[in-house]
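The following paragraphs lead the reader through a single protein chain, step by step. Please keep the sequence and the three-dimensional view at hand while reading.

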Amino acid sequence: MTSRTAAAEPETRAVDRSVLANARRVVVKVGSSSLTSIKGGIAEESLIALADALAAKRNAGTELILVSSGAIAAGLAPLGLAKRPRDLATQQAAASVGQGLLMARYTQAFGAHGVTVSQVLLTAEDLMRRSQHTNAFRALDRLLNLGVVPVVNENDTVATHEIRFGDNDRLAALVAHLVRADALVLLSDVDSLYDGPPSHGAKRIPLVEGPHDLEGVTIGKAGKAGVGTGGMMTKVEAATMAAGSGIHALVTSTPNAAAALNGEDVGTWFTVNGSRKPVRLLWLAHVASVQGRLVLDDGAVRAVRHHRTSLLPAGISAVHGDFEAGDAVEIAGADGTVVARGLVNYSSEELPRMLGRSTRDLGEELGTGYDREVVHVDDLVLV
């Protein structure tokens, strides 16, 4: 693992974590490795300790949403499975069994502190379509107003490979934006981000103010328990996603949950370095499964990149891939550089005859509906 340049530099910078201590609304994500094991199913002591910490924060007045992995892992032992299955159908079966077990444990653990929990299962489609993410926000906001701690998970039982978030770290970042949280806390079995292997004397990285602070850092991908899908890489990606769009984020271990929520000096703090964005655009930039590519001429690239305009057929020179209207596509220049992602209004079968032509001509020749943008500016995000 490569050491960072000036690795000790962050140690000299002040880290203001008071936003966590004083937060009105926080999203906390916990990974499978912190809650379950392959041999024993749900790790009762770990779950209870986490619930104790979160319930104390909730009873002190902070609104909390818990994004919890662990449904598939919790279902392994009851189904007699020795390890996390690879095929989607068995993953769905394990999730169906494990989700009920996990919620029963949460209900009991939080109930000991007088805190009510609820189950909220989401798919990527719930955050990509305006009407659905509006409904999701309304439900979560009302639960929080009623003093409930919503326990959110991806709906693994019905989600397909094509529409999955991929990991609950990114789901947590999107939920934090959806509910307009003050901060995001990502918990796992690793206490902080380091500039190398801790066993080799690496230094903790307490503060990340932007991508430059992670230059030269090799980040691990797998958790030691072997029951999750993420690792430190997905946590850093989720924290970076949140910080780049207006939400502070903290990466630390599950045993540090109480200290983290009290604003103590634990873990790695990702400070805000960008403004808030619509949750649909975050989904499009970081989660959406790209189905094709549109290649633009130089003028269209400038218009999209520098003037933030909608993409019209006249500026498109080539179409690649097989996609339907409403799918996510990459938008690239002639040299192959991807400049944006967008939700396309036409299928890959319709577009080729439209290239290089004005919307007025297309409307007159092909009829109403063909005089629209290929990608509207509201459905386009620069990358």
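Is threonine 234 buried or exposed? The model examined here is a predicted one, and in it threonine 234 has a relative accessibility of 10%. Residues under 20% count as buried, and threonine 234 is therefore placed in the buried class. This residue belongs to helix α9, which spans residues 232–243. Apart from neighbours within four places in sequence, threonine 234 is in contact with Asp167 and Asp169. With aspartate 169 there is also a polar contact between the side chains, at 2.5 Å.

Before going further, it is useful to consider the chain as a whole. It contains 13 helices and 15 strands. The chain has 383 residues, of which 51% count as buried. When contacts between residues at least 6 apart in sequence are considered, 74% of them join residues at least 24 apart.

Threonine 234 also appears in a database record. The UniProt annotation "binding site", from an unreviewed entry, covers Lys29, Ser188, Asp189, Thr229, Gly230, Gly231, Met232, Met233, Thr234 and Lys235. Two of these positions, Ser188 and Asp189, may be taken in turn. Serine 188 lies in strand β7. Its relative accessible area is 6%, so serine 188 is buried. Not counting residues up to four places away in sequence, serine 188 touches Ser34, Lys235, Thr252, Ser253 and Thr254. Among these, Lys235 is itself listed in the record's annotation. Aspartate 189, by contrast, is located in the loop between β7 (183–188) and β8 (207–208). With a relative accessible area of 26%, aspartate 189 is partly exposed. The cut-off explains this label, because values between 20% and 50% count as partly exposed.

The unreviewed UniProt entry also lists Ser69, Asp156 and Asn168 under "binding site". Asparagine 168 is found in helix α8, which covers residues 168–178. With a relative accessible area of 7%, asparagine 168 is buried. Which residues does asparagine 168 touch, not counting those up to four places away in sequence? They are Lys29, Val67, Ser68, Ser69, Asn153 and Glu154. One of them, serine 69, forms a side-chain polar contact of 2.9 Å with asparagine 168. Both partners in this polar contact are named in the UniProt annotation.

The two helices met so far can now be viewed together. Two packed helices are described by the angle between their axes and the distance between the axes. For α8 and α9, the angle is about 15 degrees and the axes are 8 Å apart. Angles under 35 degrees count as roughly parallel, and α8 and α9 are therefore roughly parallel to each other. Their crossing is right-handed. On the α8 side, the residues that meet the other helix are Asp169, Arg170, Ala173, Leu174 and His177. On the α9 side, they are Thr234, Lys235, Ala238, Met241 and Ala242. The polar contact between threonine 234 and aspartate 169 thus joins two residues that take part in this packing.

A second pair of helices offers a contrast. Helix α3 (residues 44–59) and helix α5 (residues 88–111) pack at an angle of about 50 degrees, with their axes 9 Å apart. Because of this angle, α3 and α5 are oblique to each other. The crossing of α3 and α5 is right-handed. From α3, the contact involves Glu44, Leu47, Ile48, Leu50, Ala51, Leu54 and Ala55. From α5, it involves Leu102, Arg105, Tyr106, Ala109 and Phe110.

Some of these residues recur around isoleucine 42, which is found in strand β3 (residues 41–42). Isoleucine 42 has a relative accessible area of 12% and is therefore buried. Setting aside residues up to four places away in sequence, isoleucine 42 touches Leu35, Thr36, Leu47, Ala74, Leu101, Leu102 and Arg105. Among these, Leu47 belongs to the α3 side of the helix contact, while Leu102 and Arg105 belong to the α5 side. Isoleucine 42 and glycine 98 are 56 residues apart in sequence, yet their C-alpha atoms are 9.0 Å apart in space.

Finally, the reader may turn to helix α11, which comprises residues 279–286. This helix is mostly covered, with six of its eight residues buried. The buried residues are Val279, Arg280, Leu281, Leu282, Trp283 and Leu284.

Key:
Residues are numbered from 1 along each chain as its sequence is written. This is a predicted model: local features need pLDDT of at least 70, side-chain atom pairs count only at pLDDT 80 or more; totals for chains, interfaces and linings use all residues. Side-chain values use heavy atoms; hydrogens and water are left out. UniProt positions are given in the numbering used here, feature names are shortened, and annotations may be inferred rather than shown by experiment. Helices (H or I, at least four residues) and strands (E, at least two) are DSSP runs, numbered from the N terminus. Buried means under 20% relative accessible area, exposed over 50%, partly exposed in between (1.4 Å probe, protein chains only). Contact means heavy atoms within 4.5 Å. A polar contact is a pair of N or O atoms within 3.5 Å; within protein, one must be able to donate a hydrogen and the other to accept it, and residues adjacent in sequence count only if both atoms are side-chain atoms. Axes are lines fitted to C-alpha atoms, for helices over the stretch in contact, and angles run from 0 to 180 degrees between N-to-C directions. Angles under 35 degrees count as roughly parallel, over 145 as roughly antiparallel, 65 to 115 as roughly perpendicular and the rest as oblique. A crossing is left-handed if the near helix is turned anticlockwise from the far one by less than a right angle, and right-handed if clockwise.
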